[in-house]
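Morning, everyone. I'll put the model up and walk you through a few spots that caught my eye.

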Amino acid sequence: MKSAPHILYIEDNEFNQRLIRKILEPAGFKLSSAFDGIQGIKQAIDLKPDLILMDLELPQIDGLGAATKIKSLPGLAKVPIVALTSKTSKRDRDQALVAGCDGYIEKPINARTFADQVRRYLKGEHERIEPANKTRILRDFNVTLVNKLQAKIEELEKTNQELRQSKEELLHAYEQSQNWNLELQRLTRLKENIVGITSHELRTPLSIATGYIDLLLEGMLGELNDDTHRVLQISQTSLAKMSDLITKITDLTRLALKKFPMNLEVVDINEIFKNVREGMSFFMKIRNLDFHMERSDEPIWVQADPNLIEQVLSNLLKNAICFTPDHGKIEVKTWIQDNKGWFEIADTGIGIKEEDLEKIFDEFYQVTDVNYHKTGQFEYMTRGIGVGLALCKGILSELGGKIGASSSGLNQGSSFTFYLPMVTQE
Ligand code: ADP
């Protein structure tokens with residue numbers, strides 16, 4: 001059985017593509033489609049069709065250019081090309097024939113006779129052009145080609161120029177970002193130095209003042225009346241807070257400089273949290289906070305410095321207490337999954353806006369609302385200086401873990417979750 005004649009239809013209009021397919025396929029033809037001049041030439045080379053139907057107004061290379069190119073290719077010179085177009089003047093027709101088309105069918109096509117027309121062209125029928133016209137049309141055709149080429153070159157040159165300009169702009173932006181980067185590095189170093197020196201310089205007078213207050217409180221420098229005793233106790237608490245802050249800031253700087261000393265041991269997160277919770281249960285009680293805990297069945301063994309883990313857990317519980325109004329709820333959950341020990345603390349407090357969820361882990365970042373700023377330690381809305389979470393993040397990442405926060409928004413509560421890699425038991 002003779003195989004179905006293979007037709008390549010080069011046409012950018014999908015409606016026309018469907019229409020011709022509907023007519024030719026039932027009439028026993030096999031149809032392939034291309035949607036622009038360049039794709040058409042490539043398909044012609046790949047498929048070697050028995051006949052090509054060519055729209056003349058195509059994107060990229062138009063139908064005349066595509067026909068000329070296809071006819072110049074050795075394996076395709078004999079494949080009939082039939083122009084299928086709504087350009088109906090004699091000049092258009094002659095130009096198509098000069099460009100290499102063998103036939104010319106005008107749109108709209110006649111659905112009843114179309115398949116037969118195609119069959120005739122397949123059998124070798126082709127239209128001729130009067131020799132006298134041929135030279136003139138060839139010359140016109142050449143001029144048209146040169147004009148198109150010129151327009152394309154100009155277009156390319158313009159694109160090239162735009163590209164060069166974008167490249168320069170990009171280069172400039174890159175240089176600027178490099179400068180900013182250097183400036184940022186310089187400022188970071190400056191900040192680390194200032195923080196380091198200031199913390200160090202503050203420590204000495206602080207320990208002298210603390211020492212004298214201790215001496216006074218112990219009565220080593222004479223008897224104290226009740227008022228003086230109370231005032232000195234308040235001063236002692238304030239100095240202790242200051243010392244705690246300086247330690248936190250120094251720790252942060254050391255973490256950033258990767259000079260953080262750690263005394264690693266195998267510890268159980270559940271056990272450490274038990275102590276932390278006991279230490280703060282008084283504050284939860286006076287604030288009427290409801291506390292719940294769901295502990296993992298097994299201990300969560302991790303390799304870490306117990307003091308630092310305690311610091312992380314205290315900070316998270318302290319924040320949950322501080323940012324949850326009286327009669328609120330705090331829930332802690334620990335579990336083991338994928339060789340990691342997980343810890344989650346959720347509260348029903350003031351919540352965190354989505355845009356702040358990452359920033360709260362930055363050094364000295366607070367979601368500030370000065371109206372609410374209080375300096376107590378466990379009161380509602382009490383804030384520090386925004387180093388606690390940065391320290392938690394730094395410590396956990398130093399130990400191979402990670403922390404994140406989530407919240408459904410303001411006054412919707414918050415939850416903080418972290419994991420640490422577990423120590424594998426032999
Ligand atoms: P601070 O010492 O100021 O509390 P942190 O680094 O511990 O610093 O926390 C940074 C900021 O993150 C806090 O000032 C607060 O705005 C927000 N935050 C931390 N924990 C909570 C929480 N549980 N609920 C709501 N906001 C929180």
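Let's start at Asn411, which sits in the loop between β11 (402-407) and β12 (414-421). Helices and strands here are DSSP runs, H or I over at least four residues for a helix and E over at least two for a strand, numbered from the N terminus. Before I go on: this is a predicted model, so local features need pLDDT of at least 70 and side-chain atom pairs pLDDT 80 or more, while totals for chains, interfaces and linings use all residues. Residues are numbered from 1 along each chain as its sequence is written, and side-chain values use heavy atoms, with hydrogens and water left out.

So, what is phi doing at Asn411? Its value is near 60°, positive in a residue other than glycine. As a reminder, most residues other than glycine have a negative phi, and most peptide bonds are trans. Asn411 is also exposed, at 58% relative accessible area. My cut-offs are buried under 20%, exposed over 50% and partly exposed in between, with a 1.4 Å probe and protein chains only.

Asp338 is another one to look at: not a glycine, yet phi is positive at about 50°. You'll find Asp338 in the loop between β9 (329-337) and β10 (340-347), and it is exposed, with 61% relative accessible area.

While we're on backbone, have a look at the peptide bond from Lys107 to Pro108, which is cis, omega near 0°. Pro108 belongs to the loop between β5 (103-106) and α5 (114-122).

Now the overall layout. The protein splits into domain 1 (6-129), domain 2 (146-260) and domain 3 (265-421); the bounds come from an automatic or database domain assignment. The centres of domain 1 and domain 2, taken over C-alpha atoms, are 72 Å apart.

Where does the second largest pocket lie? Between those two domains, because domain 1 and domain 2 both give residues to its lining. The grid is 1 Å over the protein atoms alone: a pocket is an open set of points with protein on both sides within 12 Å along at least five of seven lines, a cavity is a set where a 1.4 Å probe fits but cannot get out, and lining residues have an atom within 4 Å of a point. Points join across faces, edges and corners, and volume is the space filled by probe spheres set on them.

That pocket holds about 310 Å³. Its lining includes Gln60, Ile61 and Asp62, along with Phe141, Leu145 and Lys152. Both α3 (63-72) and α6 (131-217) supply at least two lining residues, with α6 giving the most, 6 residues. By type, the lining of this pocket has 5 nonpolar, 3 polar and 4 charged residues. For that split, Ala, Val, Leu, Ile, Met, Phe, Trp, Tyr, Cys and Pro are nonpolar, Asp, Glu, Lys and Arg are charged, and the others, Gly among them, are polar.

Next, how many cavities of 30 Å³ or more does the structure hold? Just 1, and the space in the largest cavity is about 60 Å³. Lining residues of that cavity include Lys191, Glu192, Ile249, Leu252, Glu363 and Phe364. The elements giving two or more residues to this lining are α6 and α7, and α7 has the largest share, 4 residues. The lining of the cavity divides into 5 nonpolar, 1 polar and 3 charged.

That brings us to α7 itself, residues 226-256. This helix has 31 residues and reaches 45 Å from first C-alpha to last, close to the 45 Å expected at 1.5 Å a residue; the expected span is 1.5 Å times one less than the number of residues. Ile249 and Leu252 from the cavity lining are among its buried residues, as are Leu232, Leu239 and Lys248. The cover over the buried residues of α7 includes α6, α9 (306-322) and α10 (388-398). Contact, by the way, means heavy atoms within 4.5 Å.

Two last stops, both buried. Ala96, in helix α4 (90-99), comes out at 0% relative accessible area. Leaving aside neighbours within four places in sequence, Ala96 touches Leu56, Leu64, Ala83, Cys101 and Tyr104.

His6 lies in strand β1 (6-10) and counts as buried at 11% relative accessibility. With neighbours within four places set aside again, the contacts of His6 are Lys30, Ser32, Leu47, Pro49, Asp50 and Leu51.

That's my tour; over to you.
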